[in-house]
Structure formats: C-alpha cells, structure tokens
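Hello,

Here is the structure I promised to pass on. Have a look at it first, and my notes follow below.

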Amino acid sequence: MSTHASVGAATDSGVEHVRPRVAVSSCLLGEPVRFNGGHCRDRLLTGPLSEFVDWVPFCPEMEIGLGTPRETLRLERSPDGPRLVTRKTRRDLTEPMTSLGNAKAATLDVDGYIFKAKSPSCGIHGIPVYAGDAAADRRNRGVFAARIVDAHPLLPVEDEGRLNDDVLREAFIERIFAHARLRAFLTGESGGSGGMRPGALVAFHSRHKLQILAHDPVGYRRMGGLVAEAGVRAGDRLAADYADEFRAALAVRATIGRNVNVLQHCLGMVSDHLDPVRRADLDEVIHDYQAHLVALSVPLALLRHHARGAGAAYLRDQTYLSPYPHELGLRNHVPA
C-alpha cells in the first residue's frame with residue numbers, strides 16, 4: 001500500500017491528477033481490528049479506488065489500547081454530554097478517545113477521511129446515544145470522528161455506507177482530488193510555488209474556474225477578487241485565504257442548473273470550431289442532461305472530444321472536464 005503522494009501524468013483532457021492522501025478506518029481496508037477480531041473490507045476502497053488513492057489507515061480503538069477481540073462500546077447519555085462506555089464492564093473511555101481525536105486532528109495532513117459507519121468512535125451520521133436500554137437520540141457522531149470533523153470542517157468526510165450512493169460517491173471523490181491538487185500546488189509538488197507566486201496562482205485558479213463555478217458561483221466571484229490581489233497581498237496570507245475559499249466552494253454541491261450553465265460556457269468556447277450539425281448535437285445533449293434524460297458524462301465526453309481541436313487549449317486544461325481519473329466511472333448516473 002503506497003503512502004507516497006505523487007502527481008500523475010496528464011490525461012487526454014490536459015489535467016494532471018494528484019493522488020489524494022485519504023485517512024480511513026483500518027477495518028475498511030481489511031485489517032482485522034474489529035471488536036470481534038474481524039474486518040469490514042469495503043470493495044470500493046480496496047478495489048477501484050485503491051488504484052488512485054494513497055490510504056492512511058487508522059483505528060482509534062486499537063490506538064487507545066483496547067486490542068481485539070474486545071468488548072463492544074456505545075454512547076450513553078450523561079449530564080456532561082454523551083459518554084463512550086463499554087457495554088458490560090461500564091468502563092468510560094470518553095477522555096482517552098477525545099484526547100486521541102484532538103491529537104490526531106492537530107497533526108492530520110490528508111485530503112479526505114472515510115470513517116466506519118455506525119461506530120460509536122468513528123461514525124459521522126446517526127450514532128445513537130442510549131438512556132438505559134433505549135436509544136434516546138440518533139443524531140450524533142462518534143467521539144473520535146467528532147473531534148476530526150470539528151477541527152477540520154472543510155475536510156471531505158464520508159462513511160463507507162454513504163459512498164454506495166452514486167451522487168454522494170461522485171461528490172466525495174471529486175472533492176478529494178481537488179484537495180489533492182490544491183495541496184500539491186501549495187507545497188510545490190505539482191510545479192507550484194510552494195507559496196503564492198502571482199503567476200502560479202493565476203494559472204492554478206484558471207484551470208479550476210469552471211469546476212468552481214459549477215459548485216459555488218458566489219465563491220467563484222470572491223476567489224476572483226483574491227486572485228486579483230496576487231502580487232499585492234502577503235503571499236502566506238493570500239495562500240491561506242485562497243485555500244479556505246477553494247475548499248469551501250468545492251464543499252457546495254453542484255446542481256443540474258449550475259452544470260448546465262458551465263456546459264453552455266464550454267459550448268461557447270468550442271462553438272466557432274464546430275460545424276452547425278456538431279454544434280446542434282452538443283446543444284441537444286446538454287438539454288437532454290438538463291431534462292434528466294442522460295448522465296453528465298455524455299455532454300462532457302463530447303466536450304472533451306471537441307476540446308482536442310485547435311484553439312481549445314483553455315477548455316482542454318479545465319479540471320471540470322476531468323476532475324478525477326476517468327477509470328473510476330463516475331458521473332454516469334442519470335439525474336433523478
């Protein structure tokens with residue numbers, strides 16, 4: 001299992017894909033760290049995604065010394081908030097787990113995190129808090145996961161259960177690859193400045209313009225203002241502000257309407273190089289996507305094809321056309 005992040009070769013769209021570095025609950029990769037000595041190997045994570053992602057496995061229960069097999073845990077109600085307690089021996093593990101979460105959050109350097117669903121330590125959605133034998137509240141996070149999410153509110157996080165949903169899976173994977181490109185740019189791994197040279201920032205932002213616009217038009221305008229200040233503001237401060245805006249924009253869900261707007265922008269960039277029949281075909285496919293008749297991958301495939309032509313270098317370099325490796329087979333679901 002590789003733990004070295006690298007910059008991949010450019011795709012036929014002109015976009016280089018940086019390998020995301022993603023933290024993950026160890027059991028999801030097949031490590032026998034579950035309470036019963038087993039694992040919960042996930043086919044997506046150990047199959048298709050493993051070819052393009054560098055995993056950073058972690059098991060908080062093992063890290064605080066519980067071992068395996070071990071007694072099961074649950075969250076229980078208390079006047080001071082939910083407590084993480086062993087079911088039989090009533091051992092309270094809230095403090096060591098909270099301390100571990102704080103320590104991990106302080107040193108975390110990843111592009112995303114995939115947690116084990118339904119875990120009182122690692123779950124990020126719908127974890128029950130018990131009052132006696134009854135679940136009194138099912139709107140909680142696991143103790144460890146809560147510390148990570150609270151400390152890194154813009155970090156892409158999901159659990160393996162929700163990644164079975166086509167829309168959620170595509171959104172998460174798009175974000176981790178965007179975060180990886182940003183990290184590589186800021187550190188100089190992708191030929192960036194390792195800081196914030198004006199020309200490098202303009203080039204990075206230009207490649208992401210359409211992707212950002214599809215997610216957050218308001219953020220798109222704010223980021224344009226930041227880029228305009230390159231060379232005027234202090235580089236470190238500008239880098240931090242730009243990175244925050246970039247991550248926040250990508251956290252906003254892209255909608256059909258926003259995608260159609262961007263697709264029309266793309267059509268305008270290649271329109272002069274198309275004959276009337278091809279232009280009409282592309283326009284029709286965009287309308288079919290808007291009408292929920294075809295997947296987003298259909299107009300994007302046509303745009304990538306036409307962007308190979310002369311005069312379309314700007315469009316060919318847009319991350320919107322290829323936000324992650326095409327081998328992952330995403331964007332193939334027809335909108336509901």
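Let me begin with Glu158, which counts as buried because its relative accessibility is 8%, and the cut-off for buried is under 20%. Please keep in mind throughout that this is a predicted model. The side chain of Glu158 meets that of Arg162 in a salt bridge, at 2.6 Å from N to O. Arg162 falls in another class: at 29% relative accessibility it counts as partly exposed. So this pair joins a buried acid to a partly exposed base.

That pair has company, as the count comes to 20 salt bridges. Side chains of opposite charge can pair when their charged atoms come close. Two further examples sit in helix H8, so I will take them together with that helix.

Salt bridges in H8

Arg237 and Asp241 both belong to H8 and are 4 residues apart, about one turn of the helix. Their side chains form a salt bridge with an N to O distance of 2.8 Å. Both ends are partly exposed: Arg237 has a relative accessible area of 46%, and Asp241 comes in at 21%. With buried meaning under 20%, Asp241 therefore stays in the partly exposed class.

The other example is Arg247 with Asp244, where the closest N and O atoms are 4.0 Å apart. These two also lie in H8, 3 residues apart, again about one turn of the helix. Arg247 is partly exposed at 26% relative accessible area, and Asp244 is partly exposed too, at 40%. Salt bridges with shared partners also link Glu229, Arg233, Arg237 and Asp241 into one network.

How H8 packs against H7

Two packed helices are described by the angle between their axes and the distance between the axes. For H7 (residues 217-228) and H8 (residues 235-251), the angle is about 160 degrees and the axes are 10 Å apart. Because angles over 145 degrees count as roughly antiparallel, H7 is roughly antiparallel to H8. Their crossing is left-handed.

Which residues make the contact between H7 and H8? On the H7 side they are Arg222, Met223, Leu226 and Val227, and on the H8 side Leu238, Asp241, Tyr242, Glu245, Phe246 and Ala249. By type, the contact residues are 7 nonpolar, no polar and 3 charged. Asp241 thus appears twice in these notes: in the contact with H7 and in the salt bridge with Arg237.

H9 and H10

The next pair to look at is H9 (residues 256-270) with H10 (residues 276-290), whose axes come within 10 Å and cross at roughly 175 degrees. That angle makes H9 roughly antiparallel to H10. From H9, the contact takes in Ile256, Asn259, Val260, Leu263, Gln264, Leu267 and Val270. From H10, the partners are Arg279, Leu282, Asp283, Ile286, His287, Tyr289 and Gln290. These residues divide into 8 nonpolar, 4 polar and 2 charged.

One loop residue

Finally, a word on Thr89, found in the loop between strand E6 (83-86) and helix H3 (94-107). Is Thr89 buried or exposed? Its relative accessibility is 54%, so Thr89 counts as exposed. If you want to place Thr89 in the fold, compare it with His17: the two are 72 residues apart in sequence and 49 Å apart in space, C-alpha to C-alpha.

Happy browsing, and do write back with any questions.

Best wishes

Methods. Residues are numbered from 1 along each chain as its sequence is written. This is a predicted model: local features need pLDDT of at least 70, side-chain atom pairs count only at pLDDT 80 or more; totals for chains, interfaces and linings use all residues. Side-chain values use heavy atoms; hydrogens and water are left out. Axes are lines fitted to C-alpha atoms, for helices over the stretch in contact, and angles run from 0 to 180 degrees between N-to-C directions. Angles under 35 degrees count as roughly parallel, over 145 as roughly antiparallel, 65 to 115 as roughly perpendicular and the rest as oblique. A crossing is left-handed if the near helix is turned anticlockwise from the far one by less than a right angle, and right-handed if clockwise. Contact means heavy atoms within 4.5 Å. Ala, Val, Leu, Ile, Met, Phe, Trp, Tyr, Cys and Pro count as nonpolar, Asp, Glu, Lys and Arg as charged, and the others, Gly among them, as polar. Buried means under 20% relative accessible area, exposed over 50%, partly exposed in between (1.4 Å probe, protein chains only).
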